[in-house]
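Me: I'd like a close look at one part of this model, the place where some of the helices pack against each other. Could you walk me through who touches whom there, and then show me what else is around?

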Amino acid sequence: MTATVPALSVGPALRRWREVRRLSQLELAARADISTRHLSFVETGRSRPSGEMVLRLAEHLDLPLRERNRLLLAAGYAPAYPQTALTAPRMAPARAAVRQVLAGHEPYPAVVVDRSWQMVDANQSLTIFTDLVAPDLLAPPVNVLRVSLHPDGLAPHIANLRQWRGHLLARLARQVELTGDAELVALDGELRGYPGGGPEPDVELPGPGDIVVPLRLRYDGGELAFLSTIATFGTPLDVTLAELSIESFYPADERTASVLRERTRR
């Protein structure tokens, strides 16, 4: 089970994150250009770090912006990074960029998700997936991992369910380790309770001709194959933007591309 970081005072919280990142005091102190003695005093509460020191340590611990804000609050400082609703006027350029990516990706599916894998936006072509899903799973908020692996979701239609399930659960496990988010830990436990065509492979080996883990979808008496890419904002300074990602699906063969183009024409 991956460790999570509970609400702690700043010293113990920093120590817990350092342990999660598997760094010694010496290693973290060297990266942050401070003495091991100073770091030890911070972790034990004998020394109160400045806000700048908290952010420097958080940077070298590779913490998400949300967790950096929590550390600042634990140290008695105001959060440094805003968390702005995507609908706010100041976010208009970001919304426009996201919509441009989604629209430009037609006739292929694309979806925008937040840190909890809740669907924020999608293009019209995503219906090739959602049309196969039970309506109650599409009631907001829609969790795309639940939709993918739930027995009433895409799971019965995925030809390589064991492989695809292993891929998604591995991505989620890495995210849990990076963020220590309790909500994601709960989601991971839920998803692992779904049937999935057998245990996930410890090591993903390529099948004949595979260059990535494909999504193979049973569709209209045949099979469609997709590969995907993930895009994020390159230099986010807002928690909301830092936690958005766009997953874009591409046809992995000509039959899939033809079906997607035909759906758009119809």
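Reply: Start with the contact between α4 and α5: on the α4 side you'll find G51, V54, L55, A58 and E59, and they meet R68, L71 and L72 of α5. Sorted by class, that contact has five nonpolar residues, one polar and two charged. Keep in mind that this is a predicted model.

How do the two helices sit? Well, two packed helices are described by the angle between their axes and the distance between those axes. For α4 and helix α5 (residues 65–74), the axes come within 10 Å and cross at roughly 145°. The crossing is right-handed.

Now stay on α4 and look at another partner. Helix α2 (residues 25–32) packs with α4 (residues 51–60) at an angle of about 115°, and their axes are 9 Å apart. Angles of 65 to 115 degrees count as roughly perpendicular, so that's the label α2 and α4 get. α2 passes α4 in a right-handed crossing. Here L28, R31 and A32 come from α2, while R56, L57 and H60 come from α4. By class, this contact of α2 with α4 has three nonpolar, one polar and two charged residues.

Let's zoom in on one of those residues, R31, which lies in helix α2. Is it buried or exposed? Neither, quite: its relative accessibility is 46%, so R31 counts as partly exposed. Leaving out residues up to four places away in sequence, R31 touches L23 and H60. You already met H60 as one of the α4 residues in the contact with α2. For a sense of scale, try R31 and P140: they are 109 residues apart in sequence, and their C-alpha atoms are 43 Å apart in space.

What about the nonpolar cores? The largest one has 37 residues, and F129, L172, L191 and F226 have the most contacts inside it. Several elements give two or more residues to this core, including β1 (110–113), α7 (127–130), α10 (182–192) and β4 (222–231). It's α9 that gives the most, with six residues. Take F129 as an example: if you skip residues up to four places away in sequence, F129 touches P109, L154, L215, L217, F226 and F249. Apart from that core lies another one, of 21 residues, and among them are W17, L28, L39 and M53. Spot the familiar name: L28 is also one of the α2 residues in the contact with α4.

Methods: Residues numbered from 1 in each chain as written. Predicted model: local features only at pLDDT ≥ 70, side-chain atom pairs only at ≥ 80, totals over all residues. Heavy atoms only, no water. Axes fitted to C-alpha atoms, helices over the stretch in contact; angles between N-to-C directions. Helix = DSSP H or I, 4+ residues; strand = E, 2+ residues; numbered from the N terminus. Parallel < 35°, antiparallel > 145°, perpendicular 65-115°, else oblique. Left-handed = near helix turned anticlockwise from the far one by under 90°. Contact = heavy atoms within 4.5 Å. Nonpolar A, V, L, I, M, F, W, Y, C, P; charged D, E, K, R; others polar. Core = buried A, V, L, I, M, F, W, Y, C linked by side-chain atoms within 4.5 Å. Buried < 20%, exposed > 50% of the residue type's maximum accessible area, 1.4 Å probe, protein only.
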